[in-house]
Every structure is written in structure tokens, then in C-alpha cells.
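Subject: Structure handover

Hello,

Here is the structure for you to look over. My notes come after it.

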Amino acid sequence: MPRTLELAPTTERRLLLAASTGGHLAQLVRLAPGLGASDESLWVTFDSLQEKSLLAGRNVLHVPYVGPRDYVALYAAWRRISAELKGERFDAAVSTGSALALAALPAARMAGMPAMYIESVSRVDGPSLSGRVLAMSRLAEMRTQHANWSNGRWKVHPSVLNDYVSGSRPVDAGRPLKVFITLGTIKGFAFDALVDRILDLDIANEDTVWQLGSTPPRRDLPGTVRSFVDAAEFEAYARDADVVITHAGVGTILGLIDLGIYPLAVVRRKRRGEHVDDHQQQIAGMLNDLDIGRGAEVDDLDRGVIESAARRWTSVRDRTVTAERSDASRTSGERP
């Protein structure tokens, strides 16, 4: 089998595309056209509201949810994928992680196809645990979206964030800000520190919308409180808000900037039990460097930061309509 896998949008291929839900799946959806993925490609992921939205109308294989370091679920996912591949032909397998890559890419290689792993754009300084394991295994071609840590083993892949720009817009200072707080859908990790900070700042009101995920409220919250929302509700809440405050998760951030929203992304911290590691700090720093959102620590969040984010928009650089809509936004106050 060839060890080098060259994929291009000029040649359509039937691919096995595997990613955990959240930022990993959001990135793979955006990267798939550049990989030459055909309509006959098979997507492997978990059953979720995000999957139903992003992959509507596509061929999807649901596998058991694989959490961080959940080796029993990882084995179950590997068995499910391996069974699906029997008698099927794919040109290659591609994964953006996280743990699901450790099931899908070995299953693909055992079925005789080349494989590629593209590390998450959130990994600014080096690979994730899944990436390190796959790099040592020599089972797949390895790609990073950051040239600063590329090397002989890790080649550079175009970043999903390359084509975004931001701009300014006026905000009505005569009324309280309408705020949408969305904490994502990550299972098993609450983000109480962010909820408490927003309440302490006294910016929440009857127009505030909370999408809490796995963060059960410890106090009464003003406004509309939801655990999970579907894609249509998420878009409606986000577009109606003056500012969107989110955790610094890549999937949520990508969804927001695609809507023309300049997200205020707050970092989850391992020491508070909010994530398995501190990679969201890297995402926040990257947003600030690119100026396509504002990354912040919980303790740095204040009214000035929130009001500043409300006065910004983000959009896609290379669409002709962007310039036209951006010009209009500067005079109307609307996001592009």
C-alpha cells in the first residue's frame, strides 16, 4: 500500500470520513471539498443534533460515543467500522479526530486503504494524544494546520480559519445588550465558572438565552434556559443576539463565524474540571491573533470586553458577496 496519500478537489474520491462530533466534525465538513470527497463518501461519527444538521442528506454511519480515554467504547467503534468496511470499497480514509480516529484509521488500513489524519486547528503548539498515538503507529499520513510545528512526519494542511476576516459595526447604546450564552455539547464537563461570571457581571436579563449543555444551573438564570438546541434554533438565537459568549470550542466557533458573528470565546480549564486539557487556551489565542473573534479567560471577562465583541462581525474572505455585504454592514449595523 502507498504510504503517501495525495488528495485534491480536482479528483473526486469515495472517502471514509471519520470525526467525533463537535469541533472535529465541523472541521472535517469544511475540509472535505478540498479532499475531493464525493457524494458517495461515508461519514462516520456519533448520533447528535450537530451531526443531523451538518450531515443532512449524506451517507452516515453512527458508532457508539467514544469519550476521552474510553477504550471500551473505542473498541466497540472499531468493530462497528470494521464490519461496515467488509465488502465496501473506498479510495482512502481521513479523520480529524479526536479519539474516533484511533478506531477509524486502523480499521481502514486493515481493510487495505490509505489513511490520513488532519490534526485539529485548535492544536497550535503540537499534536493531541490521538495525533501522537497515530504518528507513532505509522498507520496514517499526518497533517497539521499550523506550519510552526510541521516537520518530516507532520506535513502542513491548509487551515480551516485561513479565509475569515472581521470588521466593525455600531451597536445601539440605548438598551441592554441581548446576549446568547452557548456552552456547547461536550459531555460530562460543566462550565460553572463562566455562568457564575456572567451572573456576577449583571449583564443577563429577560432577553438572555442560555444553552448550557452539561452545565446544570446552580442558581436561577434570567431569560430563556435550554440544555440543548437544534441547528435552526441555534442560528436564530445567535443572529438575534448582540453578542454571543461561548466556550472556546472549535465547532461552536466555526458555526458562529460562518453566521457572520464575532464570537467571545471563553477558555475552559482542566484545573476546574471543565475539560480534559487546556487546549482551549490555544484556540483563544489564535482567535485574538487572527482577529476573527475574542478569546478570554473567565477572570478577564468584563463589560468592556463584552461590549467590544458586540461591535464586531466576522465573515469569509474569498466570497464575492462578502465585500458587498461588509460594505453594507458598515452603514446599516447589520452583520454580513
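Below is what I found, sheet by sheet and then helix by helix.

**Confidence**

Please keep in mind that this is a predicted model. The mean pLDDT of the chain is 90. A value of 70 or more is reached by 91% of the residues. One stretch needs care: over residues 319–336, pLDDT stays under 50. For that stretch the model has 31 contacts beyond four places in sequence.

**The seven-stranded sheet**

One open sheet has seven strands, paired in parallel, in the order 3-2-1-4-5-6-7. Strand 3 (59–62) and strand 7 (154–156) are its edge strands, and each pairs on one side only. On average, neighbouring strands here are turned by 25 degrees against each other, direction ignored.

Within this sheet, strand 1 (residues 15–19) pairs with strand 2 (residues 42–45). The pairing is parallel and runs over three bridges. Leu-16 has Leu-42 in strand 2 as its bridge partner.

Helix 1 (residues 23–35) lies across four strands: strand 1, strand 2, strand 4 (92–97) and strand 5 (115–118). Helix 1 runs at about 155 degrees to strand 1.

**The six-stranded sheet**

A second open sheet has six strands in the order 11-10-9-12-13-14, again with parallel pairing. Which strands stand at its edges? They are strand 11 (224–226) and strand 14 (294–296). Each has a single partner strand, so one side of each is left without a neighbour in the sheet. Neighbouring strands in this six-stranded sheet are turned by 15 degrees against each other on average, direction ignored.

Strand 12 (residues 243–247) and strand 13 (residues 264–266) form a parallel pair over three bridges. His-247 has Val-266 in strand 13 as its bridge partner. Helix 9 (residues 280–290) packs on this sheet and touches strand 12, strand 13 and strand 14. The direction of helix 9 makes about 145 degrees with that of strand 14.

**Helix packing**

Two packed helices are described by the angle between their axes and the distance between the axes. Three pairs follow in those terms.

*Helix 3 and helix 4.* The axes of helix 3 (residues 71–85) and helix 4 come within 8 Å. They cross at roughly 35 degrees, and the crossing is right-handed. Helix 3 contributes Leu-74, Ala-77, Trp-78, Ile-81, Ser-82 and Leu-85 to the contact. Helix 4 contributes Leu-102, Ala-103, Ala-104, Pro-106, Ala-107, Ala-108 and Met-110. By class, that contact has twelve nonpolar residues, one polar and no charged.

*Helix 4 and helix 5.* Helix 4 (residues 101–110) packs with helix 5 (residues 129–137) at an angle of about 25 degrees, with the axes 10 Å apart. Angles under 35 degrees count as roughly parallel, so helix 4 is roughly parallel to helix 5. The crossing of helix 4 with helix 5 is right-handed. In helix 4, Ala-101, Leu-102 and Leu-105 meet Ser-130, Val-133 and Leu-134 of helix 5. The residues of this contact are five nonpolar, one polar and no charged.

*Helix 1 and helix 8.* Here the axes of helix 1 and helix 8 (residues 250–258) come within 6 Å and cross at roughly 45 degrees. The two helices are therefore oblique to each other. On the helix 1 side, the contact is made by Gly-23, Ala-26, Gln-27 and Arg-30. On the helix 8 side, Val-250, Gly-251, Leu-254, Gly-255 and Asp-258 take part. This contact has three nonpolar, four polar and two charged residues.

**Backbone points to check**

Where is the cis peptide bond? The bond joins Gly-97 and Ser-98, with omega about -5 degrees. Ser-98 sits in the loop between strand 4 and helix 4.

Arg-138 has a positive phi of about 60 degrees, although Arg-138 is not a glycine. Arg-138 lies in the loop between helix 5 and strand 6 (141–144).

Best regards

How values were computed
Residues numbered from 1 in each chain as written. Predicted model: local features only at pLDDT ≥ 70, side-chain atom pairs only at ≥ 80, totals over all residues. Heavy atoms only, no water. Axes fitted to C-alpha atoms, helices over the stretch in contact; angles between N-to-C directions. Parallel < 35°, antiparallel > 145°, perpendicular 65-115°, else oblique. Left-handed = near helix turned anticlockwise from the far one by under 90°. Contact = heavy atoms within 4.5 Å. Nonpolar A, V, L, I, M, F, W, Y, C, P; charged D, E, K, R; others polar. pLDDT = per-residue confidence, 0-100. Pairing = 2+ DSSP bridges.
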